[in-house]
Amino acid sequence: MPKRIKMRKVIFKIAAVVVMSLSLASCSSTQSLQEYYVDNSENPNFLSFDLPASLLNLEEVQLTEKQKEAVSSLKKLNVLAFKKTLENSAEYKIETENVKAILKNEKYTELMKMNLSFAKATVKYLGDEEAIDEVIIYGNNKDRGFALIRVLGDDMNPANLVQLLQAIQKSDYKGEGFGQLTDLFKG
């Protein structure tokens, strides 16, 4: 009888270790971009806002079929920006490292890097080459802060991104909704 009890205890301990190991392995140590947005939306160092696709004023513009297809796949833009000050420069460093760690995830495919006069930017996407669900634009100015813009849509086609930009150029869109973001980077 004591041998059976010892054996049960050993099996129970092994089972507990296996269950705990599987639980820990299934948890991701890197937070998702969505979680990062939610966690920081109330942080006073961040600006957080959503812009509907309708703000781009594309309904009244003469668009090609390709441009109409590109516009119809766009849903909204989520913006999260960190405004750097002398008081929060240590937190700025931590937050830029957090964002870089999230964007290093292999599920994001890099589209391009840009060195602009006012910031460095990276454009990545989530999805596959046939159907993009999310485009992420990360812009960083070491003196002013950084911005993360998530362009959300349904099955956006990478080739249609150029069409979308051309459609925006045709519209009377003047950057409405991005005023705070422009102020952040251009000061």
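In the predicted model, Lys84 lies in the loop that joins strand S2 (74–83) to helix H4. The residue is partly exposed, with a relative accessibility of 23%, and this value does not meet the criterion for burial because that class requires a relative accessible area under 20%. Setting aside neighbours within four places in sequence, Lys84 contacts Ser89, Tyr92, Lys142, Asp143, Arg144 and Gly145. One of these partners, Asp143, is separated from Lys84 by 59 residues in sequence, yet the two C-alpha atoms are 6.9 Å apart in space. Lys142 is also linked to Lys84 through polar atoms: a polar atom of the Lys84 side chain is positioned 2.7 Å from the backbone oxygen of Lys142.

Arg150 is part of strand S6, which spans residues 145–156. In contrast to the partly exposed Lys84, Arg150 is buried, its relative accessible area being 6%. This residue counts as buried because its 6% falls under the 20% limit. The Arg150 side chain forms a polar contact of 2.8 Å with the side chain of Glu134. Beyond four places in sequence, the residues touched by Arg150 are Leu33, Gln34, Tyr37, Lys76, Leu77, Asn78, Glu134 and Val135. Glu134 thus appears both among the residues touched by Arg150 and as its partner in the side-chain polar contact.

The second largest pocket encloses about 370 Å³ of space. Its lining consists of 13 residues, of which Lys100, Lys113, Lys120, Thr122 and Tyr138 are the closest to the pocket centre. Four elements each contribute at least two lining residues, namely helix H4 (89–103), strand S3 (108–115), strand S4 (120–127) and strand S5 (132–141). Sorted by class, the lining comprises six charged, four nonpolar and three polar residues.

At the level of the whole protein chain, six helices and six strands are present. Their order along the sequence is α-α-β-α-β-α-β-β-β-β-α-α. The chain has 187 residues, and 36% of them count as buried. Among contacts with a separation of 6 or more, 66% involve residues 24 or more positions apart. The accessible surface of the protein chain amounts to about 12,200 Å², and carbon and sulfur atoms account for 56% of this area.

How values were computed
Residues numbered from 1 in each chain as written. Predicted model: local features only at pLDDT ≥ 70, side-chain atom pairs only at ≥ 80, totals over all residues. Heavy atoms only, no water. Buried < 20%, exposed > 50% of the residue type's maximum accessible area, 1.4 Å probe, protein only. Contact = heavy atoms within 4.5 Å. Areas by Shrake-Rupley, 256 points an atom, 1.4 Å probe, with all protein chains shown as cover. 1 Å grid on protein atoms, 1.4 Å probe; cavity = no way out; pocket = protein on both sides within 12 Å on 5 of 7 lines; lining within 4 Å. Points joined across faces, edges and corners; volume = space filled by probe spheres on them. Nonpolar A, V, L, I, M, F, W, Y, C, P; charged D, E, K, R; others polar. Polar contact = N/O pair within 3.5 Å; in protein donor to acceptor, adjacent residues only side chain to side chain.
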